[in-house]
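The following exercises concern aromatic pairs, burial and overall dimensions. Each task is followed by a solution in steps.

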Amino acid sequence: MLDWYTQSVYMHATPDLGVRQVAHFPGELPVSFSVGPDAVWALDSVGTITRRMKDDKLRRLSEYPKAAPGAVALVFDGLYLWTADAKARVLRKHLSDDKLTVLGAWPYPGGKPVALA
């Protein structure tokens, strides 16, 4: 679970949903994250995306400053990273390369997007 107020990600135990671990992101304001097979992706309030190690502290592996300005949500589908831009009302498909290259963009058909799954 992501808590932007405490700037933390809470990892829960499967059997009882008890908090197993907490990773803090001081100096960041995370608004969305997605767990992939080899990393955790996080989006902050200014559109910076970080790729993090799947360890106890979620250590930063890569940072992509302002890779998704206006984005409010992201999700990794196992191959591509998707972002939802609430201001432009657009869904973007990114290649997980060193620039998070945008491969395509599609108008969001509803109101303002707030999450992706």
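Rings of Phe, Tyr and Trp (for Trp, its six-membered ring) form a pair if their centres lie within 6.5 Å; planes under 30 degrees apart count as stacked, over 60 as edge-to-face and the rest as tilted. The model is predicted, so local features need pLDDT of at least 70 and side-chain atom pairs count only at pLDDT 80 or more, whereas totals for chains, interfaces and linings use all residues. Residues are numbered from 1 along each chain as its sequence is written, and side-chain values use heavy atoms, with hydrogens and water left out.

**Exercise 1. Determine how many aromatic pairs the whole structure holds, and classify the pair Trp41 and Tyr64.**

Step 1. A search of the whole structure returns three aromatic pairs.

Step 2. The ring centres of Trp41 and Tyr64 are 6.2 Å apart and their planes meet at 25°, so this pair is stacked.

Step 3. Trp41 belongs to strand β5 (residues 40-44) and Tyr64 to strand β7 (residues 60-64), so the pair ties together parts that are 23 residues apart in sequence. Strands are DSSP runs of E with at least two residues, helices are runs of H or I with at least four, and both are numbered from the N terminus.

Step 4. Trp41 is buried at a relative accessible area of 3%, and Tyr64 is buried at 11%. Here buried means under 20% relative accessible area, exposed over 50%, and partly exposed in between (1.4 Å probe, protein chains only).

Step 5. Ring pairs also join Trp41, Tyr64 and Phe76 into a cluster.

**Exercise 2. Classify the pair Trp82 and Trp106, and state which strands it links.**

Step 1. The pair of Trp82 and Trp106 is tilted, with 5.6 Å centre to centre and 35° between the planes.

Step 2. Trp82 lies in strand β9 and Trp106 in strand β11 (residues 102-107), so the pair connects parts that are 24 residues apart in sequence.

Step 3. Trp82 is partly exposed at 23% relative accessibility, and Trp106 is partly exposed at 41%.

**Exercise 3. Describe the surroundings of Asp85 and Asp3.**

Step 1. Asp85 sits in strand β9 (residues 80-85) and is buried at 5% relative accessibility.

Step 2. Not counting residues up to four places away in sequence, Asp85 touches Pro69, Gly70, Ala71, Val90, Arg92 and Pro113; contact means heavy atoms within 4.5 Å.

Step 3. Asp3 is placed in strand β1 (residues 2-3) and is partly exposed at 22% relative accessibility.

Step 4. With neighbours within four places in sequence left aside, Asp3 is in contact with Ser8 and Tyr10. The C-alpha atoms of Asp3 and Pro30, 27 residues apart along the chain, are separated by 7.8 Å.

**Exercise 4. Assess the compactness of the chain.**

Step 1. The chain contains zero helices and 11 strands.

Step 2. Its radius of gyration is 14 Å, close to the 13 Å from the globule rule for 117 residues, so the chain is as compact as a globular protein of that length. The radius is taken over C-alpha atoms, and the rule is 2.2 Å times the number of residues to the power 0.38.

Step 3. The C-alpha trace spans about 40 × 30 × 30 Å along its principal axes.

Step 4. Of the 117 residues, 37% count as buried.

Step 5. Among contacts between residues at least 6 apart in sequence, 29% join residues at least 24 apart.
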